[in-house]
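Please open the structure in a viewer and keep the sequence at hand. The tour below proposes one selection after another and describes what is found at each stop.

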Amino acid sequence: MSEKTSVLLSDVTIKGNITEKEKLMTDSKIEGDITAETLQTYEGSKITGNINSSNVSLGGVSKGNINSDKVRIKSEDAKKVRNGLSIDYNAHLENLSLIHI
């Protein structure tokens, strides 16, 4: 059985929480919490809310807490991390800001 994927394009704005049992791909503006097995955000996305997902791939802007087993910062945003980013296994991280210098 194939994985189901829901897609929210850049012309979509959502105010409210989103729950997706499998994969969510978004380039949209979301004000609310997101729960999904897998979440992929893209350069145009702007998320204001908490993310709960087993696997997160971040592009665009995200403001809120991320609870995930695996987080990837995509290359368009990785250039904003000047000297690298290292987070130890089981570490607790709060108030991280990635800023282009």
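How many helices and strands are there in the protein chain? The protein chain has one helix and nine strands. The model is a predicted one, and every stop below should be read accordingly.

**The whole chain**

Begin by displaying the protein chain from its N terminus. The elements follow one another as β-β-β-β-β-β-β-β-β-α. Colour the 101 residues by burial, and buried residues make up 29% of them. With a surface switched on, the protein chain exposes about 7,200 Å², of which carbon and sulfur atoms supply 46%. Among the contacts with a separation of 6 or more, residues 24 or more positions apart account for 4%.

**The sheet of five strands**

Next, select strands 1, 3, 5, 7 and 9. These five strands form an open sheet with the order 1-3-5-7-9 and parallel pairing. Strand 1 (5-8) and strand 9 (66-73) are at the edges; each has a single partner strand, so one side of each is left without a neighbour in the sheet. From one strand to the next, the twist averages 20 degrees. As general background, strands of a sheet pair through backbone hydrogen bonds, either parallel or antiparallel.

Now restrict the selection to strand 3 (residues 18-26) and strand 5. The two run parallel and are joined by seven bridges. One place to centre the view is Ile18, whose bridge partner in strand 5 is Ile34.

Then add strand 7 (residues 51-58) beside strand 5 (residues 34-41). Six bridges join this parallel pair. Two positions can be labelled here: Ala36 stands opposite Ser53 in strand 7, and Gln40 stands opposite Ser57 in strand 7.

**Strand 5 and Thr38**

Is strand 5 mostly covered or mostly uncovered? Six of the eight residues in strand 5 are buried, and the strand is mostly covered. Select Thr38, which is found in strand 5. Thr38 has a relative accessibility of 16% and therefore counts as buried, the limit being under 20%. Beyond its neighbours within four places in sequence, Thr38 is in contact with Glu3, Glu22, Lys23, Leu24, Ser53 and Asn55.

**Ser57**

Move to Ser57 in strand 7. Its relative accessible area is 7%, and Ser57 is buried. Show its side chain together with that of Arg72: a polar contact of 3.2 Å joins the two. Not counting residues up to four places away in sequence, Ser57 touches Leu39, Gln40, Thr41, Arg72 and Lys74.

**The nonpolar core**

Which residues make up the largest nonpolar core? Select Leu8, Ile18, Leu24, Ile30, Ile34, Ala36, Leu39, Ile47, Ile51, Val56 and Leu58, the 11 residues of this core. Strand 3, strand 5 and strand 7 are the elements that give two or more residues to this core. In soluble globular proteins, nonpolar side chains tend to be buried together.

Within this group, centre the view on Leu24. Leaving aside neighbours within four places in sequence, Leu24 is in contact with Ser6, Leu8, Ile18, Ile34, Ala36, Thr38, Leu39 and Gln40. Leu8, Ile18, Ile34, Ala36 and Leu39 appear both in this contact list and in the core.

**The sheet of four strands**

Hide the previous selection and display strands 2, 4, 6 and 8. They form an open sheet of four strands in the order 2-4-6-8, with parallel pairing. At the edges stand strand 2 (13-15) and strand 8 (61-63); each has a single partner strand, so one side of each lacks a neighbour in the sheet. With direction ignored, neighbouring strands of this sheet are turned by 0 degrees against each other on average.

Select strand 6 and strand 8 as a pair. They run parallel and are joined by three bridges. Ile47 has Ser62 as its bridge partner in strand 8.

**Lys46**

The last stop is Lys46, placed in strand 6 (residues 46-48). Is Lys46 buried or partly exposed? Its relative accessibility is 41%, so Lys46 counts as partly exposed. Lys46 and Lys29 are 17 residues apart along the chain, and their C-alpha atoms are separated by 4.7 Å. Apart from its neighbours within four places in sequence, Lys46 is in contact with Ser28, Lys29, Ile30 and Val61.

Key: Residues numbered from 1 in each chain as written. Predicted model: local features only at pLDDT ≥ 70, side-chain atom pairs only at ≥ 80, totals over all residues. Heavy atoms only, no water. Pairing = 2+ DSSP bridges. Axes fitted to C-alpha atoms, helices over the stretch in contact; angles between N-to-C directions. Buried < 20%, exposed > 50% of the residue type's maximum accessible area, 1.4 Å probe, protein only. Contact = heavy atoms within 4.5 Å. Areas by Shrake-Rupley, 256 points an atom, 1.4 Å probe, with all protein chains shown as cover. Polar contact = N/O pair within 3.5 Å; in protein donor to acceptor, adjacent residues only side chain to side chain. Core = buried A, V, L, I, M, F, W, Y, C linked by side-chain atoms within 4.5 Å.
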